[in-house]
Structures are given as structure tokens and as C-alpha cells.
Amino acid sequence: MKPDLDVTSVPAWAVAPQEPDADLTGRFWTVVGFGAAAESIVDRWITQIRGAHPDPSLSVHLVESGADDAAAEAVSADLGAALVGWRLLLAGPADACLRLRAHALRGGVADDEIVVASTAVGTRDVDCAHCGARTRADVGLEEVVPCVNCNRKLLVYYHVSRLRGAHLGFMVDAEEVAS
């Protein structure tokens, strides 16, 4: 029986692509786009922000990145200079957004200061509960993937670590008696 996703730690945008509107309640925005599929979302967000806030003193920092490290550095720099009203908008594949969201949360950003639009949800980072290794694979929830380190068959569970940005994986046949 599958759990209701509303009672799990898996964000809805990590299961099905979603394109929410920009958070217009802020005064300063860092907008991060991962890949070509995120471009139209980022453009729409910037148009929404500029339309709602034509004041030129408002700041929108666009970060177009294909790399986690560059995006994390940009978010860290913006967060270091952030004032009340700063918002983070992320668009791209769910796995990249989960990793950058985790980076922001570790930096003290609150969930309600982050908007995520996912463009793809098939690839997941799965943290092995047994050895701690991270396996990246095209795998769905409740599917099984071999750990890249210990080779255990990991069930991709309905849990996402907010601070690690990855799904939990545990040995699918842990309770079976070896023959």
C-alpha cells in the first residue's frame, strides 16, 4: 500500500514535474535554472517579478547553471548578503533542485522562502542506509537499485532527507533468510 505523499517527506515536485508561479512576496530574489528545460520557467518568473514589482531597486539575481557547485556558491554568496524579503527560486530536474534546496536549508533558509519548479523527476539520488554511499539512478519510488558501494539491493523509500537532498534506500530483502 502506497502512502499518501502528503504525509511523507517527499515533495510533490520530486514525483511529478510542477511549474508554480514565482513568490512575489519578496524584495530580493535568487533565481536558479538548471538546464535548457528550466529556461522558460525562469523567464516566466522574472516577468512575474518585474510585473509585480517594477521598482528598479528590487534585486533579481539570475543564476544559470548546469553544475551543483556553481549554483551552491552563488546561493551561498547571495544568502550571505541577504536581507529580509530574500527568496530562492529553483527550476530544473528534481534531483538537482533537491541538492540545492538541501544546501540552502543547511544555510538557514526556511522552506517558505523557496519555490521549486521541477522539469524532470526520473533521476534520483538514493542514500544507502547501510554504508552511507549515494547512488544516482533513473529509478522510481518503491523500485530497487543496487548500491554503488556495498551492492545491496536498495528499495527507494518515501523519504527524502531535507538536509542531504536525497531519497532513503534500504536493503529490500533484509528480513529474508538466506538459503
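## A tour from the cavity outward

Start by selecting α3 (94–106), β5 (123–128) and β9 (166–171), since each of these elements supplies at least two residues of the lining of the largest cavity. Helices (H or I, at least four residues) and strands (E, at least two) are DSSP runs, numbered from the N terminus. This is a predicted model, in which local features need pLDDT of at least 70 and side-chain atom pairs count only at pLDDT 80 or more, while totals for chains, interfaces and linings use all residues. Residues are numbered from 1 along each chain as its sequence is written, and side-chain values use heavy atoms, with hydrogens and water left out.

**The cavity**

The structure holds one cavity of 30 Å³ or more, and the volume of the largest cavity is about 40 Å³. A cavity is a set of points on a 1 Å grid where a 1.4 Å probe fits but cannot get out, and lining residues have an atom within 4 Å of a point; the volume is the space filled by probe spheres set on the points.

To see the wall of the largest cavity, select Ala14, Ala94, Asp95, Leu98, Val121, Thr123, Arg124, Asp125, Gly165, Ala166 and His167, which line it. Coloured by residue class, this lining divides into five nonpolar, three polar and three charged residues, where Asp, Glu, Lys and Arg count as charged and Gly is among the polar ones. Now colour domain 1 (17–120) and domain 2 (123–171) separately: both give residues to the lining, so the largest cavity lies between them. These domain bounds come from an automatic or database domain assignment.

**Helix α3**

Keep α3 selected and follow its 13 residues, which reach 18 Å from the first C-alpha to the last. The helix is mostly covered, for eleven of its 13 residues are buried (under 20% relative accessible area with a 1.4 Å probe; exposed is over 50%, partly exposed in between). Among the buried residues of α3 are Ala94, Asp95 and Leu98, and Ala94, Asp95 and Leu98 also appear in the lining of the largest cavity. Just after α3, select Gly108, which takes a positive phi of about 100 degrees.

**The aromatic rings**

Next select Tyr157, Tyr158 and Phe170, which ring pairs link into a cluster. The structure holds two aromatic pairs (ring centres within 6.5 Å; planes under 30 degrees apart are stacked, over 60 edge-to-face, the rest tilted). The rings of Tyr157 and Tyr158 have their centres 6.2 Å apart and their planes at 75 degrees, so this pair is edge-to-face. Tyr157 is partly exposed, with a relative accessible area of 37%, whereas Tyr158 counts as buried at 10% relative accessibility.

**Stops earlier in the chain**

Move to strand β1 (residues 28–34) and select Gly33 within it; Gly33 is buried, with a relative accessible area of 8%. From there, a C-alpha to C-alpha distance of 12 Å takes you from Gly33 to Ile46, 13 residues away in sequence.

In helix α1 (residues 39–52), select Arg50, which counts as partly exposed at 39% relative accessibility. The C-alpha atom of Arg50 is separated by 9.4 Å from that of Leu24, although the two residues are 26 apart along the chain.

**The whole chain**

Finally, show everything at once: the protein chain has three helices and nine strands, and its elements run β-α-β-α-β-α-β-β-β-β-β-β from the N terminus on. Taken along the principal axes, the C-alpha atoms fill a box of roughly 70 × 30 × 30 Å, and buried residues make up 44% of the 179 residues in the protein chain.

Note on methods. 1 Å grid on protein atoms, 1.4 Å probe; cavity = no way out; pocket = protein on both sides within 12 Å on 5 of 7 lines; lining within 4 Å. Phe/Tyr/Trp six-rings, centres within 6.5 Å; stacked < 30°, edge-to-face > 60°. Expected span 1.5 Å × (residues − 1).
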